[in-house]
Amino acid sequence: MSPTPEIFRPPAGAAPSPAPQVTELLGGLLHLAYAERPTHGIVTVATGFTPESAQTRAELRASALHSLYTLTTHPPTTPPPPRPP
């Protein structure tokens with residue numbers, strides 16, 4: 001798995017979670033974070049060794065799901081190019 005960046009920048013059109021939620025597990029060894037995109041009802045949960053990494057992972061997953069949902073509900077309006085013979 002690739003490393004998670006420490007700074008989260010949401011893509012255009014995807015609002016970040018209004019209230020980030022992070023909790024400790026195993027006496028602070030792990031952290032569990034939650035992120036949501038209320039416009040599409042997307043909720044994600046992720047773990048990390050620091051609160052920031054857990055929250056970043058949850059936000060990235062929520063943004064990715066938001067992007068996939070947008071792609072599947074709003075297909076491109078232009079037809080695909082013709083295939084060569």
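**Exercise 1. How much area does the protein chain expose, and what share of it do carbon and sulfur atoms supply?**

Solution. Keep in mind that you are working with a predicted model.
- Step 1: the protein chain exposes about 6,200 Å².
- Step 2: carbon and sulfur atoms supply 66% of that area.
- Step 3: now look inside. Of the 85 residues in the protein chain, 25% are buried, where buried means under 20% relative accessible area.

**Exercise 2. Work out how the strands are arranged.**

Solution.
- Step 1: take stock of the elements. The protein chain has three strands and one helix, and along the sequence they follow the pattern β-β-β-α.
- Step 2: find the order in the sheet. The three strands form an open sheet, β1-β2-β3, with antiparallel pairing.
- Step 3: locate the edges. β1 (21-25) and β3 (42-48) each have a single partner strand, so each has one side without a neighbour in the sheet.
- Step 4: add the twist, which averages 20° from one strand to the next.
- Step 5: zoom in on one pair. β2 and β3 are joined by seven bridges; Glu 36, for instance, has Val 43 in β3 as its bridge partner.

**Exercise 3. Find the largest nonpolar core and see which elements build it.**

Solution.
- Step 1: list the members. The largest nonpolar core has six residues: Ala 33, Ala 35, Ala 46, Ala 54, Ala 58 and Ala 62.
- Step 2: assign them to elements. β2 (30-37) and α1 (51-73) each give two or more residues, and α1 gives the most, with three.
- Step 3: follow one member. Leaving aside residues up to four places away in sequence, Ala 58 touches Ala 33, Tyr 34, Ala 35, Thr 44 and Ala 46.
- Step 4: connect this to a wider pattern. In soluble globular proteins, nonpolar side chains tend to be buried together.

Notes. Residues numbered from 1 in each chain as written. Predicted model: local features only at pLDDT ≥ 70, side-chain atom pairs only at ≥ 80, totals over all residues. Heavy atoms only, no water. Core = buried A, V, L, I, M, F, W, Y, C linked by side-chain atoms within 4.5 Å. Buried < 20%, exposed > 50% of the residue type's maximum accessible area, 1.4 Å probe, protein only. Helix = DSSP H or I, 4+ residues; strand = E, 2+ residues; numbered from the N terminus. Contact = heavy atoms within 4.5 Å. Areas by Shrake-Rupley, 256 points an atom, 1.4 Å probe, with all protein chains shown as cover. Pairing = 2+ DSSP bridges. Axes fitted to C-alpha atoms, helices over the stretch in contact; angles between N-to-C directions.
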